[in-house]
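Dear colleague,

I am passing on the structure we spoke of, and below it you will find some notes on what turned up when I went through it. Please read them alongside the coordinates.

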Amino acid sequence: MQLTRHIIAAIFVFCCFFVTPMHLVAAPEEEYIIISKTGSDSIALALNQLDVKGVGSGKVANSLDVIIRDALDFPGLFTILSSQVTVEEKSGINFSALGSIQAEVYARGAVASTAGNVTLDMKVYSVGTAKLLFSKTYVGKENKLRTIGHAFCADLVEHLTGSRSVFGSKIVFVSNSTGFKEIYQCDFDGKNVEQLTNSRSISLTPALSPDGKYLAYTDYSTGRPVLYIRNLLNGKTASSGKSGISIDPAWRNGRELATTLSFEGDQEIYLLKIDGSIYRRLTKSRGIDLSPTFSPDGNKMAYVSERNGQPQIFIQELLSDEARRVTFNGDYNTQPSWSPAGDKIAYTTCENSGEFNIFTVGADGTGLRQLTAQSGQNESPSWSPDGEMVVFTSNRDGKKRLYTMSSTGKSQRALFRMNGEQAQPFWSLFRK
Amino acid sequence: MKKFNGVFVLPLLVIAGCSSDAALTSTGSQVVPVPLAVAPAFLTPPPAPAAVAVTPAPPAPDKDSQPQSGYGFDQWQKGPLGDVFFAFDSSALSDKAQELLAKNAAWFGRNPSKSARVEGHCDSRGTSEYNIALGERRSTGVKEYLVRLGVASTRLETVSFGEERPFDSGKNSEAMANNRRAHFIVK
C-alpha cells in the first residue's frame with residue numbers, strides 16, 4: 001500500500017512536432033522519440049506527484065510540483081488526463097494502467113531539501129515501450145526553485161521533441177506603468193517582471209542579443225530617438241552616434257545588429273558592431289526601410305520597405321543584396337519576425353476594416369495564415385525560442401497588453417497583469 | 001545661400017490665404033515651390049475705426065502676436081507658426097499645407113533672428129516603429145520645403161515623435177487627423 005500512489009494525469013494540447021534529420025546530426029548520441037500518434041497533435045503526459053525525501057522537504061516538494069505543472073502547461077505542448085489510476089505498485093510501474101488512460105509519457109521524481117539545498121531526482125518513461133527515457137538529478141538553492149523545476153521541464157521537452165524549449169527564456173517589452181515608456185523584462189511565463197531602463201523619457205523597441213548579454217533599444221533621453229546598446233553585465237552603453245533617427249534594432253548574431261539610420265537623408269538599414277560603429281549598409285531603396293529580422297543562419301534579412309509606396313515585407317540575401325517581396329495581402333504590412341526554425345515570418349497587417357492582425361507566411365512567400373481576428377488591434381509578433389509560440393500585443397480588453405498564442409493562433413491568453421500598457425515584446429533566444 | 005526676404009513674399013501670401021483652393025493649382029502630392037518674385041503691394045495697416053478716435057490710436061496690430069485661426073491653428077497651435085496636416089500613411093504636402101508653409105516662410109523672413117523646431121507626429125493607427133520613420137519624413141519634408149522657400153536650414157531642427165506624443169487623446173477619425181501633423185515650436 002505504501003508503494004501505491006495516485007497520480008493525477010493531465011492532457012495538454014500541442015502542435016505537431018517533427019524531428020528533423022538536422023537534430024539527429026547535431027547530437028547523434030541522443031535518441032529522440034516522436035511521441036505524437038498518428039492523427040493526434042498532443043503528447044499525453046502522466047506526471048506523478050513528487051515524492052518527499054526526508055523531514056521538512058514536503059513544502060519544497062509541493063512548490064516544485066506546482067512550478068513544474070504550471071511550466072509544462074504553459075507552452076501548450078501536452079494534454080493532462082483527468083482520471084486517477086494506480087501506477088506505482090510493489091511490482092513496479094503499472095504501465096498497462098497508464099496505457100488505459102492513454103498516457104504516452106510518465107514522469108516521476110523525488111525531492112530532498114536540507115539546509116536550503118534542494119535535490120530533485122527525475123525519471124521519465126515511455127509508456128508504450130515501458131522503458132526509461134531519461135533520468136537526471138537537479139541540484140540548487142531553495143530560493144531558486146523555478147530554475148530547478150524549469151531545468152527539468154527544458155530537458156523533458158528537448159528529449160521528447162529534439163527542440164529547444166521556452167523554459168528559462170526572457171521576454172523584453174515596453175511599459176508605461178511609471179508614466180514613462182521604459183524597457184522591462186520578464187520570464188517566459190510572465191513572472192519576475194523587472195525594469196531595465198529608467199530614462200524617464202521614451203524608451204522603445206528592445207531586443208536582447210542571442211547570448212542575453214546585450215540589450216539594444218531606442219531612447220529619447222537626448223530629445224531624439226537614439227539607439228543604445230547596453231552591456232547588461234557592466235551597464236556600459238554604446239550608441240550609434242549618428243544624426244537623424246536610429247530605431248528598431250535586431251540582432252544578426254551575438255556581435256552584429258541591424259538598425260534603421262537616417263543620417264544619409266533616407267531611412268536605410270545598416271549593420272552595426274556592438275560598439276555602435278557601422279559595419280555595412282544593407283538597403284539602398286528610396287523611402288522607409290525598417291524593422292530588420294534575420295534568418296537563423298544570418299544570411300537573409302526580412303524587413304519593411306516602402307519602396308512601392310506602401311509598407312510591405314521584403315527578404316534580402318545579404319551576400320547578393322537581392323531583395324524580393326513576400327507579402328501581397330493588404331496595403332500595410334509591418335513588424336516582421338523570422339521564426340527560429342527559419343521557415344516562417346510572422347508580421348502585422350492593417351486589414352481593410354482598419355483592424356491590425358497577425359499573420360504568418362512562409363519565407364518563400366507561400367502558406368499565408370491568419371493568427372488573430374476580430375479581437376481588437378493585434379500587433380508586434382515575436383517568436384518563442386522553440387518556435388511553438390508567438391508573443392504579441394492586443395487591446396482586446398481595452399488596454400494594450402502582452403498575449404501569447406501557439407504558432408497557429410490557438411490558446412490566446414494574456415501573459416500577465418501589470419499597470420499601464422505594454423507593447424513591443426521581444427522573445428529572446430537566451431536561456432539560463 | 002540666398003537670404004529670404006519676407007517683404008516681397010508677403011503680398012502673395014495674403015492673396016494665397018484669401019483665395020479658394022481652385023485658384024491655386026498643384027500637381028498632386030508633388031512639392032511645388034512658391035515663386036518668390038512678387039511686387040510689394042500693401043503694407044499699410046487698415047485705418048482705425050472712427051469709434052476709437054477719442055483715445056490715441058493703438059499701435060498697428062502686430063500680425064505675429066495675434067491669435068490665429070483656420071488651417072494650421074487650433075488648441076495645440078496658436079502661432080505664430082502654423083502646423084501642417086497629413087493623410088494616413090503619407091508625408092506628402094497638400095495644397096493647404098503648402099500655402100501654410102509659405103506663410104511660415106514669410107514669418108521667418110520677418111523674424112530673421114528666430115529659429116524653430118519641426119516635430120513630426122503620427123496617429124496611433126500605424127505600427128509604432130513605422131510611425132517614427134513616417135514622422136521623420138513629415139518633419140524633414142516640411143523642413144526641405146521651407147528651405148526651398150529660402151529659409152536657412154540651420155534655423156530649422158527636426159525630430160520625429162511617431163505616435164508617442166499625441167495631441168488629441170480621442171480615438172475617432174477627427175482625433176487621428178489632429179495627430180497627423182508637423183508641429184512648429186519657435187525657439
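In this predicted model, helix α2 (residues 58–73) of chain A and helix α4 (residues 145–161) of chain A have axes that come within 9 Å and cross at roughly 45°. Since an angle of 65 to 115 degrees would be roughly perpendicular and one under 35 degrees roughly parallel, the crossing makes α2(A) oblique to α4(A). The crossing in which α2(A) passes α4(A) is right-handed.

As for the residues that bring these helices together, α2(A) contributes A:V60, A:S63, A:L64, A:I67, A:I68, A:A71 and A:L72, which meet A:L145, A:R146, A:I148, A:G149, A:H150, A:F152, A:C153 and A:L156 in α4(A). Sorted by character, the residues of this contact between α2(A) and α4(A) comprise eleven nonpolar, three polar and one charged.

Some points of backbone geometry also deserve your eye. In chain B, the peptide bond that leads from B:G79 to B:P80 is cis, with omega near 5°, and B:P80 belongs to the loop between α1 (6–18) and β1 (84–85) of that chain.

In chain A, A:S291 has a phi near 60°, which is a positive value in a residue other than glycine; A:S291 lies in strand β20 (residues 289–294). With a relative accessible area of 7%, A:S291 is buried, because the cut-off for that term is under 20%.

A positive phi, of about 50°, is likewise found at A:Q424, although A:Q424 is not a glycine, and its place is in strand β32 (residues 422–427) of chain A. A:Q424 has a relative accessibility of 6% and therefore counts as buried.

Which residues does A:V361 touch, if those up to four places away in sequence are not counted? The residues in question are A:V326, A:D343, A:K344, A:I345, A:Y347, A:T366, A:G367 and A:L368. Of these contacts, the one with A:V326 joins residues 35 apart along the chain, and the C-alpha atoms of A:V361 and A:V326 are separated by 7.9 Å. A:V361 itself is placed in strand β26 (residues 356–362) of chain A, and A:V361 is buried, since its relative accessible area is 2%.

With kind regards

How values were computed: Residues numbered from 1 in each chain as written. Chains lettered and ligands numbered in written order. Predicted model: local features only at pLDDT ≥ 70, side-chain atom pairs only at ≥ 80, totals over all residues. Heavy atoms only, no water. Axes fitted to C-alpha atoms, helices over the stretch in contact; angles between N-to-C directions. Helix = DSSP H or I, 4+ residues; strand = E, 2+ residues; numbered from the N terminus. Parallel < 35°, antiparallel > 145°, perpendicular 65-115°, else oblique. Left-handed = near helix turned anticlockwise from the far one by under 90°. Contact = heavy atoms within 4.5 Å. Nonpolar A, V, L, I, M, F, W, Y, C, P; charged D, E, K, R; others polar. Buried < 20%, exposed > 50% of the residue type's maximum accessible area, 1.4 Å probe, protein only.
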